[in-house]
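Subject: Structure for your review

Dear colleague,

Please find below the sequence and structure that I am handing over to you. My findings follow, and I would be grateful if you would read them with the structure open.

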Amino acid sequence: HRAHGDRRRETDSDEEGEGHRRRGARPPPVPSLEEGGRIVPGTSGVFALPPSAQNPHHNKPLRVFYTAPKELTSQTPVLFVMHGLQRDADRYHAVWESHAQEHKFVVLVPEFSREGFPTASHYNLGNVFASKSHKVRPRHKWTYPLLEDVFDRYLSLSPNHHIEGYNLYGHSAGAQFAHRALLFLSSGEAKLRMLRVVSANAGFYTFPDWDRPWPFGLKGCEDLVSAEGLRRYLVANLTVMAGGEDTDANHKSLNNEPQAVTQGPHRLSRAKGFYESAQKAAREHGVSLAWQFEEVPGVAHSDAGMSKAAIKRLFS
């Protein structure tokens, strides 16, 4: 049981083909919300989740990029967008900002910086296991529950917003984060507030399979994922999404460890394998799988390309 995901080449890249990303240019900066300020309809900006004394990796304010549509009401949907390996929340926000205005939802893009969350173990894999000792970390040190904290922080900054849950989208390394966050939070004691989840173009998955070792499966997670939690996971509204052209088996940042390759040679085949594994797990646990699988034609490893298809799944 190695420190999977700690090496950069083992994680997903964001070779996304958007012009500003290829050139390395950053989007124009957005303003920070002032202390005591409130989120105003029709605006974009950055707010901060205050540090947590309990979580050593959240020892500085966590920046969250946001856009609120002009037609912001008490029931406007909220979408979290999880960035990829490059930790470029600003770029992801730039892609999703126009979607939020056009389709009338709030978008929140938390920035899990390398300074605070230095490796894939801290981000994609949720800091659930210590990367060296492989021991389970206390739940208050996990990364996934920070979504709940950010959601509560957002609601405090938008006091007329009275929704009970949020949607979640992740691309590439963010897709790894998204499906594992749903998995672990489904076994938590608190009510699950994720309403719809899309995991798009992940490099590898945690299969709902007790014989595959973590992070490729659930072996080693027996004390973290309950049978009832796994059933809740399998009946959640999750779409496993993959680009029909995301088929480069030799991509420079694709995880090609033996356990990853058993999931398939490339991202598209691994997504299909993940969905098929869930079908098998649902039969074994006596539930009807609620997940959907969607192959997006003509799209390779592109957040911008996947986002349009994801919106239909998230807000239809």
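A polar contact is a pair of N or O atoms within 3.5 Å; within protein, one of the two must be able to donate a hydrogen and the other to accept it. Please bear in mind that this is a predicted model.

The first finding concerns Thr-76. The side chain of Thr-76 comes to 2.8 Å from the backbone nitrogen of Thr-73, and this distance falls within the 3.5 Å limit for a polar contact. Thr-76 is located in a loop, between strand S2 (62-67) and strand S3 (78-82). Is Thr-76 buried or exposed? Its relative accessibility is 4%, so Thr-76 counts as buried, given that buried means under 20%. Leaving aside residues up to four places away in sequence, Thr-76 touches Pro-69, Glu-71, Lys-104, Phe-105, Val-106, His-161 and Ile-163.

The second finding concerns charged side chains. Side chains of opposite charge can pair when their charged atoms come close. How many salt bridges does a search of the whole structure find? The search finds twelve, and some of them are described here.

One salt bridge joins the side chains of Glu-115 and Lys-60, with an N to O distance of 2.6 Å. Glu-115 belongs to the loop between strand S4 (106-110) and helix H3 (146-157), and Lys-60 to the loop between strand S1 (44-49) and S2, so this pair ties together parts that are 55 residues apart in sequence. Glu-115 counts as exposed because its relative accessibility is 61%, while Lys-60, at 49%, is partly exposed.

A salt bridge is also found within a helix. Glu-284 and Lys-280 both lie in helix H7 (residues 267-285), four residues apart, which is about one turn of the helix. The closest N and O atoms of this salt bridge are 2.7 Å apart. Glu-284 has a relative accessibility of 53% and therefore counts as exposed; Lys-280, at 45%, counts as partly exposed.

Asp-209 and Arg-212 form a further salt bridge, in which the closest N and O atoms are 3.6 Å apart. Here Asp-209 is partly exposed, at 22% relative accessibility, whereas Arg-212 is buried, with a relative accessible area of 17%.

Finally, which residues are linked with Asp-152 in a network of salt bridges? They are Glu-148 and Arg-193.

Yours sincerely

Conventions
Residues are numbered from 1 along each chain as its sequence is written. This is a predicted model: local features need pLDDT of at least 70, side-chain atom pairs count only at pLDDT 80 or more; totals for chains, interfaces and linings use all residues. Side-chain values use heavy atoms; hydrogens and water are left out. Helices (H or I, at least four residues) and strands (E, at least two) are DSSP runs, numbered from the N terminus. Buried means under 20% relative accessible area, exposed over 50%, partly exposed in between (1.4 Å probe, protein chains only). Contact means heavy atoms within 4.5 Å. A salt bridge is a side-chain nitrogen of Lys or Arg within 4 Å of a carboxyl oxygen of Asp or Glu.
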